[in-house]
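These are my notebook entries on a few local features that I looked up, one after another.

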Amino acid sequence: MDLLNTLLDKGLRRELPTRDEALAVLATSDDELLDVVAAAGKVRRQWFGRRVKLNYLVNLKSGLCPEDCSYCSQRLGSKAEILKYTWLKPDQASEAAAAGLAGGAKRVCLVASGRGPTDRDVDRVSDTIKAIKDQNEGVEVCACLGLLSDGQAERLRDAGADAYNHNLNTSEGTYGDITTTHTYADRVDTVQKAHAAGLSACSGLIAGMGESDEDLVDVVYALRALDPDSVPVNFLIPFEGTPLAKEWNLTPQRCLRILAMVRFVCPDVEVRIAGGREVHLRTMQPLALHLANSIFLGDYLTSEGQAGKADLDMIADAGFEVEGTGEVTLPEHRAVAHAGCGSHAGADAGADAGADAGAGCGSHAGGGCGPCGSADQEPPRKEPVSEARTDLVSVRRRGAGTDLAPNA
């Protein structure tokens, strides 16, 4: 396909695809899917080889959130029967992190429910970061605490945090449909605060919330303009007891197309398959490793994931290798200069993404032109609704906040 040859060439040169090209990836047929994966896989290998970075989530404070994010099992009014507990102590969080690090993770993601941290909360998390780093040489720590106030990102950096996560989740145009207690602009502001403090910015999306192809392209172009070092791609976990419990809109093929589109738009960034990969990719998970270079090991914030050993076996069986603590994740041009999600030289990423390109951890618990082609081209076929697989959605009952050993 001429489209894929063009996207491959642009990805190898870190050039921004057009919006038409990005939309066309999402509109490809099942017959073309392996060609799409192969082209995006070459871009992935150019910048990340066959390495897979492992990340491990520790839910520092679970449930009872005052925000009303429709996708989240910890939201205000959620009837999901998840674990609920207040702040873990630093030694408890460090013990939980140790399980993931022993399983091969090189980054620990410390997440807490809530609108944003108080200054006392920042002190708590700072103590936890120090405890983890004192006991684990070379570990990366990413904090995900919600909306940041002035000065808090700098305090986390001084405590040893390497990164801060705050996801855009969906397009600016549809953000008000999923959350009313804060705005898209609030999320932009927090990602920018992390950047300004010298933290590595991590910001991604949630797919499967009923959004259009245009919405997906909007949010990914906005992410590129925001310049994060890592982009987690969540696939909605439709928890019973949340407003989006009936949103089963994803197929494995759809998930692969979304990951490929993200890779083409953000060729040299850590693309992470985050929450929902087991639920929606299912047996196609190994194929997704040709698109993303990062995954979460074991369980998520409030839901169970694949067994940690199964993750490691999957990586090995697919011909990939776990990235070591001594290896630098990002390509040299980004690791040294933090040049951004793609090259800004000549790409005009901000202009292409729109003037209002905008700003939780890589796991939630997700306008432009038509597809590439002439104006009289047939509209893209509608993706079939995936069969609801509620048997694949299990509430986490082990690890942080429990007396049971974690999955790592």
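**Entry 1, two backbone angles.** I looked up asparagine 169 and placed it in the loop between β4 (163–165) and α7 (175–178); the model I am reading is a predicted one. Asparagine 169 is not a glycine, and yet its phi is positive, at about 75°. I noted this because most residues other than glycine have a negative phi. Is asparagine 169 buried or exposed? Its relative accessibility is 2%, so I entered asparagine 169 as buried, the cut-off for that class being under 20%.

I then turned to leucine 64, which sits in the loop between β1 and α4 (90–102). Leucine 64 likewise has a positive phi without being a glycine, in this case of about 60°. With a relative accessibility of 66%, leucine 64 goes down as exposed, because that class begins over 50%.

**Entry 2, strand β2 and its partners.** How many of the 6 residues of strand β2 (residues 107–112) are buried? I found 6 of the 6, so the strand is largely enclosed by the rest of the structure. Side chains in a regular strand alternate between the two faces of the sheet, and I therefore checked the two sides separately. Arg107, Cys109 and Val111 are buried on one side of β2, and Val108, Leu110 and Ala112 are buried on the other, which leaves both faces covered.

I next followed the pairing, beginning with β1 and β2, which run parallel and are joined by 6 bridges. Within this pair, valine 111 of β2 has asparagine 59 opposite it. Between the two strands the chain passes through α4, and I recorded this β-α-β crossover from β1 to β2 as right-handed.

Strand β3 (residues 140–144) also runs parallel to β2, with 5 bridges joining the two. Here valine 111 has cysteine 144 as its bridge partner in β3. The chain goes from β2 to β3 by way of helix α5 (residues 119–135), and this β-α-β crossover is right-handed.

**Entry 3, the second largest cavity.** Lastly I looked up the second largest cavity, for which I noted a volume of about 110 Å³. Its lining comprises 14 residues, and those lying nearest its centre are Tyr56, Leu57, Arg396, Gly399 and Ala400. Which strand gives the most to this lining? I found that to be β1 (residues 51–61), which contributes 4 residues. Sorted by character, the lining of the second largest cavity holds 8 nonpolar, 3 polar and 3 charged residues.

Methods:
Residues are numbered from 1 along each chain as its sequence is written. This is a predicted model: local features need pLDDT of at least 70, side-chain atom pairs count only at pLDDT 80 or more; totals for chains, interfaces and linings use all residues. Side-chain values use heavy atoms; hydrogens and water are left out. On a 1 Å grid over the protein atoms alone, a cavity is a set of points where a 1.4 Å probe fits but cannot get out, and a pocket is an open set with protein on both sides within 12 Å along at least five of seven lines; lining residues have an atom within 4 Å of a point. Grid points are joined across faces, edges and corners, and a volume is the space filled by probe spheres set on the points. Ala, Val, Leu, Ile, Met, Phe, Trp, Tyr, Cys and Pro count as nonpolar, Asp, Glu, Lys and Arg as charged, and the others, Gly among them, as polar. Buried means under 20% relative accessible area, exposed over 50%, partly exposed in between (1.4 Å probe, protein chains only). Two strands pair if DSSP finds at least two bridges between them. A crossover is right-handed if, with the strands pointing away from the viewer, the path from the first strand over the helix to the second runs clockwise.
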